[in-house]
Amino acid sequence: MKAQGRRTSMNARAAAFGLFASLALLACSRDKSVGARAFIVAEPSNLDFGARLEREATTLTVTIGNEGRASLAISSLKITGDRRGAFTLVDTLSGLDPGAYQQVVVRYTPPIGAGVDSAFLVIESNAENAPTSQIGLQG
């Protein structure tokens, strides 16, 4: 009878240890510092300013967010491919905490002379999913 009691007691301790180990692993998996990565999102993926009169400035916004569990560090936020100098950044952004979102304003001022303008807003960051992101700009 004593052997039966010891086995039951050992099985109960093993089960308790297994439960403790499972809870410890669950707690570690929720620790934001373990395997945490930044994850960038940007909406919309294109800004279309439409047809405008020469020198008629207008602005549109892009919302940039960090859906990761680590801070998003933005090393560069710039406009590229703008042959006529029609697009300018109104805002700057150097980073976002996990779960944070911020709007970035882009201004479009059509230069003198007919023509279609296009460029890219390029975001370079430490994001796991897209270290370089591009937003198309049209006007």
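**View 1. The open sheet and its edge strands.** In this predicted model, an open sheet is built from 5 strands, which follow one another in the order β2-β9-β8-β4-β6 with mixed pairing. The edges are taken by β2 (residues 46-48) and β6 (residues 95-96), and because each of these has a single partner strand, one side of each is left without a neighbour in the sheet. At the β2 edge, the partner is strand β9 (residues 132-138), and the two run in the parallel sense with 3 bridges between them. Within this pairing, D48 is placed opposite Q138 of β9.

**View 2. The protein chain as a whole.** The chain contains 1 helix and 9 strands, and along the sequence these elements appear in the pattern α-β-β-β-β-β-β-β-β-β. Of the 139 residues in the protein chain, 28% are buried, while the accessible surface amounts to about 8900 Å², with 55% of that area belonging to carbon and sulfur atoms. When contacts between residues at least 6 apart in sequence are considered, 66% of them join residues that are at least 24 apart.

**View 3. The largest nonpolar core around I64.** The largest nonpolar core has 24 residues, and the members that touch the most other members are I64, L77 and F87. At least two residues of this core come from each of the strands β1 (40-43), β3, β4 (72-80), β7 (101-108), β8 (118-125) and β9. With neighbours within four places in sequence left aside, the contacts of I64 include I40, V41 and A42, and they also include L77, L93 and L96. Further contacts of I64 are made with A100, Y101, Q102, V104 and I123.

**View 4. T58 and V105, two buried residues in strands.** T58 lies in strand β3 (residues 58-66), and V105 belongs to strand β7. T58 has a relative accessible area of 18% and is therefore buried; V105, with a relative accessible area of 19%, is buried as well. Not counting residues up to four places away in sequence, T58 touches F49 and R52, together with V106, R107 and Y108. For V105, with neighbours within four places likewise left aside, the contacts comprise T59, L60 and T61, and also T88, L89, V90 and D91. One of these partners, T59, is 46 residues away from V105 in sequence, yet the C-alpha atoms of the two are 6.5 Å apart in space.

**View 5. Aromatic rings of F49, F87 and Y108.** A search of the whole structure returns 3 aromatic pairs. In one of them, F49 and F87 adopt a tilted arrangement, with 5.8 Å from centre to centre and 50 degrees between the planes. This pair links distant parts of the chain, since F49 sits in the loop between β2 and β3 whereas F87 sits in strand β5 (residues 87-89), 38 residues apart. Both F49 and F87 are buried, and ring pairs join F49, F87 and Y108 into a cluster.

**View 6. The salt bridge between R84 and D117.** The structure as a whole contains 3 salt bridges. In the one formed by R84 and D117, the closest N and O atoms are 2.6 Å apart. The two residues come from distant parts of the chain, R84 from the loop between β4 and β5 and D117 from the loop between β7 and β8, with their positions 33 residues apart in sequence. R84 counts as partly exposed, at 30% relative accessibility, whereas D117 is buried, with a relative accessible area of 2%.

**View 7. The salt bridges of E128 with R37 and of E56 with R52.** The side chains of E128 and R37 form a salt bridge with an N to O distance of 3.2 Å. This pair also links distant parts of the chain, with E128 in the loop between β8 and β9 and R37 in the loop between α1 (2-29) and β1, 91 residues apart. E128 counts as exposed, because its relative accessibility is 52%, while R37, at 47%, counts as partly exposed. In the salt bridge of E56 with R52, the closest N and O atoms are 3.8 Å apart. E56 is partly exposed, with a relative accessible area of 32%, and R52 is likewise partly exposed, at 36% relative accessibility.

How values were computed. Residues are numbered from 1 along each chain as its sequence is written. This is a predicted model: local features need pLDDT of at least 70, side-chain atom pairs count only at pLDDT 80 or more; totals for chains, interfaces and linings use all residues. Side-chain values use heavy atoms; hydrogens and water are left out. Two strands pair if DSSP finds at least two bridges between them. Helices (H or I, at least four residues) and strands (E, at least two) are DSSP runs, numbered from the N terminus. Buried means under 20% relative accessible area, exposed over 50%, partly exposed in between (1.4 Å probe, protein chains only). Contact means heavy atoms within 4.5 Å. A nonpolar core is a set of buried Ala, Val, Leu, Ile, Met, Phe, Trp, Tyr and Cys residues joined through side-chain atoms within 4.5 Å. Accessible areas come from the Shrake-Rupley method with a 1.4 Å probe; for residues, only the protein chains shown count as cover. Rings of Phe, Tyr and Trp (its six-membered ring) pair if their centres lie within 6.5 Å; planes under 30 degrees apart count as stacked, over 60 as edge-to-face and the rest as tilted. A salt bridge is a side-chain nitrogen of Lys or Arg within 4 Å of a carboxyl oxygen of Asp or Glu.
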